[in-house]
Amino acid sequence: MTSFLRLATLATVLALASAAQAQNAASVAPPPPPVEAAQPLVDLYSAEDAQATLDARLVALKTVIRLAPEQEKLWPPVEEAIRQAAKNAAGRAADRAEAEPAQDFLDVLERLAGAEAARAADLNSVIAALKPLVATLSVEQKRRIPAFLDMTDHAGRPQPTLELWIFEAEQE
């Protein structure tokens, strides 16, 4: 019986020593990572990335519409208007990033009104460029455009302009 008692005591001492050692190891905090290790896992979206994405979306839009050869001639003004609207949106986002902080809620509302007016002007330019092309499109071609632009119809109400990918540079 004494050998059993010795063995049980030894097992208890070893278990307690192991637990104490594990607790000491856990209480020692690892050193902070070096500064260079604090880099983001994914690089931020660059202007070049935005340009590549816009290029791809324009190619995809043309592909979705499946323009006939006579309709192709009406595409360049549409593409230019969309590119200009996206460029303007990126410029507004850059300006907003560098702007002084708003002083009060009226300042915020004024900035919001200015941005909405600018997006409206850009959207009107895109619409003007689209009208001649859309006039030549079939019903099937017209049906594909809203789905591709991710335009959702909320019982006939207009959607906010920021939801259009043309203006995504302004989204925060």
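Reader: Does leucine 133 count as buried or exposed, judging by its relative accessibility?

Author: The general idea is to compare a relative accessible area with fixed cut-offs: buried means under 20%, exposed means over 50%, and partly exposed lies in between, with a 1.4 Å probe and protein chains only. Leucine 133 has 1% relative accessibility and therefore counts as buried. Before we go on, note that this is a predicted model, in which local features need pLDDT of at least 70 and side-chain atom pairs count only at pLDDT 80 or more, while totals for chains, interfaces and linings use all residues. Residues are numbered from 1 along each chain as its sequence is written, and side-chain values use heavy atoms, with hydrogens and water left out.

Reader: Which residues does leucine 133 touch, not counting those up to four places away in sequence?

Author: Contact here means heavy atoms within 4.5 Å. By that criterion leucine 133, which is found in helix α5, touches Leu67, Gln71, Leu74, Trp75 and Val78. With leucine 74 the C-alpha separation is 5.5 Å, although the two residues lie 59 residues apart along the chain.

Reader: How many helices and strands are there in the protein chain?

Author: Both kinds of element are DSSP runs numbered from the N terminus, helices being H or I over at least four residues and strands being E over at least two. The protein chain has six helices and zero strands, so that, in the terms of the definition, every numbered element reads α-α-α-α-α-α from the N terminus on. Of its 172 residues, 19% count as buried, and 71% of the contacts with a separation of 6 or more are between residues 24 or more positions apart.

Reader: What span from first C-alpha to last does helix α4 reach?

Author: The expected span is 1.5 Å times one less than the number of residues. Helix α4 (residues 75–98) has 24 residues and reaches 35 Å, close to the expected 34 Å. Its buried residues are Trp75, Val78, Ala81, Ile82, Ala85, Ala86, Ala89, Arg92 and Ala93, and what covers them includes α2, α3 (69–72) and α5 (105–134).

Reader: At what angle do α4 and α5 pack?

Author: Two packed helices are described by the angle between their axes and the distance between the axes. The axes are lines fitted to C-alpha atoms, for helices over the stretch in contact, and the angles run from 0 to 180 degrees between N-to-C directions. For α4 and α5 the angle is about 170 degrees and the axes are 8 Å apart, which makes α4 roughly antiparallel to α5; the cut-offs are under 35 degrees for roughly parallel, over 145 for roughly antiparallel, 65 to 115 for roughly perpendicular, and oblique for the rest. Among the residues that make this contact are Trp75, Val78 and Arg92 of α4 and Asp122, Leu130 and Leu133 of α5. The contact of α4 with α5 divides into twelve nonpolar, two polar and three charged residues, where Ala, Val, Leu, Ile, Met, Phe, Trp, Tyr, Cys and Pro count as nonpolar, Asp, Glu, Lys and Arg as charged, and the others, Gly among them, as polar.

Reader: Is the crossing of α2 and α6 left-handed or right-handed?

Author: A crossing is left-handed if the near helix is turned anticlockwise from the far one by less than a right angle, and right-handed if clockwise. The crossing of α2 and α6 is right-handed. The axes of α2 (residues 47–65) and α6 (residues 139–148) come within 8 Å and cross at roughly 150 degrees, and these two helices are therefore roughly antiparallel to each other. Arg57, Ala60, Leu61, Val64 and Ile65 in α2 meet Gln141, Arg144, Ile145 and Phe148 in α6, and by class that contact has six nonpolar, one polar and two charged residues.

Reader: Within what distance do the axes of α2 and α4 come?

Author: They come within 11 Å and cross at roughly 145 degrees, again in a right-handed crossing. The residues that meet include Leu54, Leu61 and Ile65 in α2 and Trp75, Ile82 and Ala86 in α4.

Reader: Where does arginine 66 lie?

Author: Arginine 66 lies in the loop between α2 and α3, and has a positive phi of about 60 degrees although it is not a glycine. With a relative accessible area of 63%, arginine 66 is exposed.
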